[in-house]
Amino acid sequence: MNRAVKLILISLLFFTCSTRNTNPRNFSFENWIDNSPTEWYTTPGKYGSIRKDSNEAASGNYSLSITKSPAVSKYVYKVSQSISVPKNTGEIILSAQLKGKEIKNGYAGIFYTVLTSTGDVLSYEDFTNKSIQGTTEWETLTTTIKIESEKAQRINFGAWFLGSGELWVDDIQLKNETSTLGNNDLVPIQELEAIDSDLIIQSSEAIPSKLSDIL
Ligand SMILES: [Ca+2]
């Protein structure tokens, strides 16, 4: 094998590894099977429709688009993953890029839940105060997940969408104090699936100030 070929192969290997490391667990919504983003749990389709969008990408070539009609505006659409709490981490920074088009009668944002091995909630936040509404450019939403209990075993995190309109989600990242968490740090856990009744807003008309009871 001549030196030029070796260099090309090494470059390709490096590029492949780099791509994988910067997009762990499909956080950039680049990988899809049967119109579903791999690794992600999404709310059943009757509450909204999703598609791979190549025209609106905050990173890579694609983003996740979620469209909700006025008929399902009172339901929360959620896209999420569950992972084991990464080792040797006291705080994790969660960020995501969101973009909205005519989001009405609701808003969209990010959330996390820290749970014990038996599913008891240790901490939860849905950041309604950092949400987006209406029509927006890409915005980065960021928060810190504090792992304060030794009982913390899993983290459920992602984005949610209440109301109607279109929401794009892309470039989700988890970082510890020193670096971006990659596939080696992120051990998936089967999602504690929400049942349909969990997704219905209990109050009849008002947009809730907290989503704690319905996510
Ligand atoms: Ca992307």
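What percentage of the 215 residues of the protein chain count as buried? I looked this up before anything else, in what is a predicted model. The figure is 33%.

**Confidence.** I checked the pLDDT next. Its mean over the protein chain is 83, and 77% of the residues reach 70 or more. I noted that residues 15-20 fall below 50, and that this stretch has one contact in the model beyond near neighbours in sequence. Residues 194-205 are also below 50, but there I found 15 contacts beyond near neighbours in sequence.

**Layout.** I counted one helix and eleven strands in the protein chain. Along the sequence the helix is followed by the strands, in the pattern α-β-β-β-β-β-β-β-β-β-β-β. I then took the contacts between residues at least 6 apart in sequence; 77% of them join residues at least 24 apart.

**Strand 11.** I went through the pairing of strand 11 (154-175). Strand 7 runs antiparallel to strand 11 and is joined to it by 18 bridges; in this pairing I noted Leu 94 opposite Leu 174. Strand 6 is likewise antiparallel to strand 11, with nine bridges, and Ser 84 stands opposite Arg 154 of strand 11. Strand 5 pairs with strand 11 over five bridges, again in the antiparallel sense. For Lys 68 I found Gly 165 as the bridge partner in strand 11. I also looked at burial here: 20 of the 22 residues of strand 11 are buried, so the strand is largely enclosed by the rest of the structure.

**Core.** I listed the largest nonpolar core, which has 36 residues. Those with the most contacts inside this core are Ala 108, Ala 159, Trp 160, Phe 161, Leu 167 and Val 169. At least two core residues come from each of strand 5 (63-68), strand 6 (76-84), strand 7 (91-115) and strand 11. Strand 7 gives the most, with twelve residues. I then picked out Ala 159 and left aside its neighbours within four places in sequence. Its remaining contacts are Val 79, Ala 96, Leu 98, Ala 108, Gly 109, Ile 110 and Val 169.

**Asn 176.** I ended with Asn 176, in the segment after strand 11. Why does Asn 176 count as partly exposed? I found 17 C-beta neighbours inside 10 Å of Asn 176, and buried status would need 20 or more. Its C-alpha atom is separated by 6.3 Å from that of Ile 93, 83 residues apart along the chain. Leaving aside neighbours within four places in sequence, I recorded contacts of Asn 176 with Pro 86, Thr 89, Ile 92 and Leu 181.

How values were computed: Residues are numbered from 1 along each chain as its sequence is written. This is a predicted model: local features need pLDDT of at least 70, side-chain atom pairs count only at pLDDT 80 or more; totals for chains, interfaces and linings use all residues. A nonpolar core is a set of buried Ala, Val, Leu, Ile, Met, Phe, Trp, Tyr and Cys residues joined through C-beta atoms within 7 Å. A residue is buried if 20 or more other C-beta atoms lie within 10 Å of its own, exposed if 12 or fewer, and partly exposed in between; C-beta atoms are placed from the backbone. Helices (H or I, at least four residues) and strands (E, at least two) are DSSP runs, numbered from the N terminus. Two residues are in contact if their C-beta atoms, placed from the backbone, lie within 7 Å. pLDDT is the predictor's confidence in each residue, from 0 to 100. Two strands pair if DSSP finds at least two bridges between them.
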